[in-house]
Each structure stands twice: as structure tokens, then as C-alpha cells.
Amino acid sequence: MEEFFRFKDFDFKNKTIALRVDLNLPYNSETKELSENPRVYKHVETIKKLQESGAKIVVLSHQGRKGKSDFISLEKHAELLKKYLGNVKFIKFGESFDYIEKIKEKEVVLLDNVRFYEDETADKSIEEHANSELVKKLSPLIDYFILDAFSVSHRCHASVVGFSTLKPSLPGPVFETEQTELEKFLKKVETSKNNIFILGGAKLEEPLEIIDNFLNKEVKILTTGVLSLLFLISRGYKLGEETENFLKEKGYLNFLTKIEKLKNNEKIITPLDVAVERDGNRIEILVENLPTKERILDIGQKTIEFYGEIIKNSTNVFMKGPAGIYERKNFEYGTKKLFEILKNFNSVLAGGNTIDALSKLKIPFDGFNYVSLGGGAAIEFLTGKELPGIKALKQSFEKFK
Ligand code: 3PG
């Protein structure tokens, strides 16, 4: 039984579509540069499909989070879209939406960062978000709402769920693929032994959610990144002042209480060695020989060999988050090697920084079973939660079918 409207069943000719994509991209606030990554290419494909069908397209996205250095206007994103789509009209935050009333077939308009609206991220229900500022302004001007950004469907935010009670709302092609592929992976995990989760990166809530949900199953958790450092601390290693200060400044030490409770679990595996920078060179240090006065920036070669052996016996592997500071040549090693190993296995990769690392390291996606554009959304989906974006699309189908 269908739960959603399907993109392929619609005739979008001459219809105005609000298309929610995810153009949340890595941004360097010092150089003011935005990194292109596959999120852009994938959503551009959706926009092109809509153009071919004769739709008028209003694109919505967020960038960064309030208070963070990557919380910027989408002006640069408009330039990026122009590279692939030609003419794109950008409407700055605060400017009138009159232009949308006159937009022509195949034309693309990009609105400014949806998180500039105070009530975008307010803690409200799907129904309440129908009254959010952006939704109220835009919904009279559109015929349909398309949620292409699976990667934000775990957020009950106005631009994700707010249109669903007002206009027929449906998933876009990127969303449909993400959902289908993650469902396939979840089924495999539930029916097989030897599942491996490689969890790294710099976000901790999401890996800990995976650990909570899967630790009672047939899994092994290979830790890298910040998560591995916290497990090393909880297992009695002194990392050294630089690393410990870094973890403190960024607020990561607040997670130690939770990690303490998991520290004796044998399914959670920690690195054998780590890498630091000394006199401009990469130096690897066995964890037994810690502390070190330099900050830890990657996992080492012994860890890669050890993790590689464990992965050899796996049925399914899920990886989220880079193993180290892949942006720096000397410290891309751990992340790059893991990607190389995973190419030979049934593997799913997820997360904004993971796809950024793949792009920067020029590793094509087709070597893996699937690369998800979502991080938190993919994880919440795998843990079986009903994502607000999915719920809103289902409700919209029930209302307008
Ligand atoms: C992501 O990068 O995972 C998505 O764009 C969601 O961003 P958020 O975690 O700031 O909501």
C-alpha cells in the first residue's frame, strides 16, 4: 500500500514547486569558501528533472546553525547553482516574494537560508509549523511541496514539515533513493551476523545513538575520531594536555559520563595507535606510549591493520564520520585507508563530513553499496525512529490523496 505520493506520478507542467533541498555545505569562515560536494550535484539532478517537466521551482535550504561560523546567507550557494543550472534568481532574506508570482516555466529561484527565520527551528508540531513565517508567506504561491532533503527529515522544522498540511507534499528523487537504500541496509543488518559500525567524526550524539540501539545485537563498533579519544580516556589512557584541552574547549568531555558506562563493553573497539604532528611530520604513537604533548589528529597504521582484520569477517559495514583531520594531507591516512578497505565489502557510508572526505580524496561513490547524503537522519532512520519529515509526507498523502 502506498504511503506517499510518488514523484513519477505527477505532472508538474506550469506548477510552482517549493523544493526543500539540503545545501548545507562545509564552509571555511577564514577563507570564506564554500566546499562543493555531492549534495549539490544530487539536488541539481532533481531540479533539472523538474525543469524538464516544465515546473517553476522555488528552492529552499538551510546552511549551518545559528551561532556557528557556517551560519551564512545562501548567496554563495546561488552562485554554485548557477554553474550547473544557468540562471538562478536569488531572493535575499527580507526581500519580497513578489517575484515568485511571476516566475516562468523552468525558472529557478533560490530563497535565503531558511534558518534566518526565527521560528524555523522552533519546537513545534507539524500542524503548528503550518503557521510559521516562511510557510505562511510561501504556501499561497505554490502548488506542491517536494521534500528532496532526506538528510533533514529528522528535523521537525518549518521548511521540512510545515507545508504538508497545506499543500500536497511528496518526496523527491534524492529522498526516495535514500529511503530505499537505507531500508535495504537495515534489513540486512537485522538478518545477519557480524555487522560493523565504524563511528568517528566530531559529532557525538549520533554515534552514541547507534551504540545505544545496536549494542545488544551482533555488532562490533570500531571507534575513530573524537569518539575513540573519549573511549581511550575512559579506559585509562592519558592523551596529553593539547588533546585534552581541545576536547574540553569543544565540550566533548561532557559526554564522558555516558561513555564511562560503556567502557567495559568488549564490542566497542578502540585504536591501537594514533598520529600527531611533530616538526611538520606525521608521527605515529602506540596508545601504550601516550600521553603526547601534540594534539592527536588521526588513527595510525597499526589500527588500520587491526580494524582491517575485523572488517574482513564482516557481513555489513556502516561508516559515519572521518577517522581524523582528512583536510590535512598528513592526516588523511586513516580515513582514506578505511574507505579503501570498505570498497571490497557490503558497506554504507553516511554523513556530511564523510561525503566531503570522499570528494576531497577523490574517491568515487560507486565503490560502495551506498553513500548517504544524510548523517543524523540516516542514523535516526536506522535506529527505527519515525522521522518528522516522513511522518509529514505520510499525513499529506492521507489528506490530499
Ligand atoms: C546535515 O548536515 O546532517 C544536515 O544538513 C542537517 O543539519 P543539522 O544537523 O544542522 O540539522
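**A tour of two sheets and a ligand site**

Begin by selecting helix 7 (residues 205-214), which lies across strand 9 (195-199), strand 10 (219-223), strand 11 and strand 15, running at about 160° to strand 9. This is a predicted model, in which local features need pLDDT of at least 70 and side-chain atom pairs count only at pLDDT 80 or more, whereas totals for chains, interfaces and linings use all residues. Residues are numbered from 1 along each chain as its sequence is written, and side-chain values use heavy atoms, with hydrogens and water left out.

Helices (H or I, at least four residues) and strands (E, at least two) are DSSP runs numbered from the N terminus. Angles run from 0 to 180 degrees between N-to-C directions, with axes fitted to C-alpha atoms, for helices over the stretch in contact. Contact means heavy atoms within 4.5 Å.

Next, select helix 12 (residues 333-342): this helix packs on the sheet and touches strand 9, strand 15 and strand 16, its direction making about 155° with that of strand 15.

Now display the sheet itself. This open sheet of 6 strands has the order 11-10-9-15-16-17, with parallel pairing; two strands pair if DSSP finds at least two bridges between them. Strand 11 (268-269) and strand 17 (370-372) stand at the edges with a single partner strand each, so one side of each is left without a neighbour in the sheet. Zoom in on strand 15 (residues 316-320) and strand 16 (residues 347-350), which run parallel and are joined by 4 bridges. There, Lys-320 has Ala-350 in strand 16 as its bridge partner.

Move to the second sheet. An open sheet of 3 strands shows the order 13-12-14 and antiparallel pairing. Its edge strands, each pairing on one side only, are strand 13 (281-286) and strand 14 (296-299). Select strand 12 (residues 273-278), which pairs with strand 13 in the antiparallel sense over 6 bridges. Ala-275 stands opposite Glu-284 in strand 13. Helix 11 (residues 301-312) packs on this sheet, touching strand 12, strand 13 and strand 14, and its direction makes about 155° with that of strand 12.

Finally, select the ligand. Among the residues that surround it are Asp-22, Asn-24, Arg-39 and Lys-203, a residue being near if one of its heavy atoms lies within 4 Å. An oxygen atom of the ligand is 2.6 Å from an N or O atom in the side chain of Arg-155. For Arg-115, the corresponding separation from a ligand oxygen atom to a side-chain N or O atom is 2.8 Å.

How values were computed: A polar contact is a pair of N or O atoms within 3.5 Å; within protein, one must be able to donate a hydrogen and the other to accept it, and residues adjacent in sequence count only if both atoms are side-chain atoms.
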